[in-house]
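Q: I'm new to reading structures, and I'd like to look closely at one part of this one. Could you pick a spot and walk me through it in plain words?

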Amino acid sequence: MTMTMTMTMTMTTNTDPRPHYRTALAWARTLADGVPADRLADPTPCAEWDVRGMLGHLVATVDRVRVIGEGGDPHTTPRVVEGVADDGWTDALAAAEDKMAAVWADDAVLDELVTVPWGRVPGRAAMWGYIREALVHGWDLAVATGQSPEADPVTAEAALTETKRVMPAEPRGGPIPFAAPVAPRPGAGPTEQLANWCGHARA
């Protein structure tokens, strides 16, 4: 990652991102609760994971946010949580969120430098990155399982604005692990627009 990109990624608004993250995770839990057992092996718009893998990745990202807030290295945690019962994903997300929220309850964490996969950034910038993760992969999950693909519009709009500010359309690929932006469909909501900006599209 270039120095310019690293500096850009470290800058963020002074908005407290924690309420937005909790809102995004509440939506993710609703989606997890709505996944039919017979669709866990279905593909998602993210070619890397099927529905079960996407659920495992969502849980893993919440656990990474906890580790990041503790001052740890997120690379020490798995990218996908496995071994969860087919009907246990909602509870797994809730348990991971409770542990994460306890770490981030201290306001000081928001302005401490923490380690994320893309470098060293203030805590609040790290959390904005994982709000994006929750919303984009929540959109993947919703599209794959026929659920409503739009999260809370206030949170989605905030994440879309922040993502466009720190992650330009070019360059993509290599150290910036996102595909080129996709043109949104007419009438696409802010969650879908965010997914499109991150290179995700409906089949």
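A: Let's begin where strands S1 (residues 113-116) and S2 (residues 119-122) sit side by side: they pair in the antiparallel sense, over four bridges. Two strands count as paired if DSSP finds at least two bridges between them. Strands (E, at least two residues) and helices (H or I, at least four) are DSSP runs, numbered from the N terminus. Keep in mind that this is a predicted model, so local features need pLDDT of at least 70 and side-chain atom pairs count only at pLDDT 80 or more, while totals for chains, interfaces and linings use all residues. Residues are numbered from 1 along each chain as its sequence is written, and side-chain values use heavy atoms, with hydrogens and water left out.

A hairpin takes you from S1 to S2 through two residues. Across the pair, Leu113 stands opposite Pro122 in S2. Now follow the side chains along S1: Val114 and Val116 point to one face and are buried, while Leu113 and Thr115 point to the other and are not. "Buried" means under 20% relative accessible area, "exposed" means over 50%, and partly exposed is in between (1.4 Å probe, protein chains only).

Where does UniProt come in? An unreviewed entry there places "domain: Mycothiol-dependent maleylpyruvate isomerase metal-binding" at residues 27-142. UniProt positions are given in the numbering used here, feature names are shortened, and annotations may be inferred rather than shown by experiment. Over residues 27-142 the chain is 53% helix and 7% strand, and the end C-alpha atoms are 10 Å apart.

One of the helices is H4 (residues 89-104). Its 16 residues should span 22 Å at 1.5 Å a residue, and its end C-alpha atoms are indeed 22 Å apart. That expected span is 1.5 Å times one less than the number of residues. The buried residues of H4 include Trp89, Leu93, Met100 and Trp104. The buried set covers an arc of only 160 degrees around the axis, so they lie on the same side of H4; the arc is that of the directions from the helix axis to the C-beta atoms. Turned away from that side are the exposed residues Asp91, Asp98, Lys99 and Ala102.

What covers the buried residues of H4? Helices H2 (18-33), H3 (51-69) and H5 (123-145) are among the elements doing it. Contact here means heavy atoms within 4.5 Å.

Zoom in on Met100 of H4, which counts as buried at 2% relative accessibility. Leaving aside neighbours within four places in sequence, Met100 is in contact with Tyr21, Arg22, Leu25, Val62, Val65, Arg66 and Met127. Val67 is 33 residues away from Met100 along the chain, yet their C-alpha atoms are separated by 8.0 Å.

H2 has buried residues too, including Tyr21, Leu25 and Trp27. Their cover includes H3, H4, H5, H6 (153-166) and H7 (190-197).

Finally, the cysteines. The structure holds zero disulfides, a disulfide being a pair of cysteine sulfur atoms within 2.5 Å. Why doesn't Cys46 form a bond with Cys198? Cys198 has the closest cysteine sulfur to that of Cys46, but at 11 Å it is too far for a bond. Cys46 is buried, with a relative accessible area of 11%, and Cys198 counts as buried at 2%.
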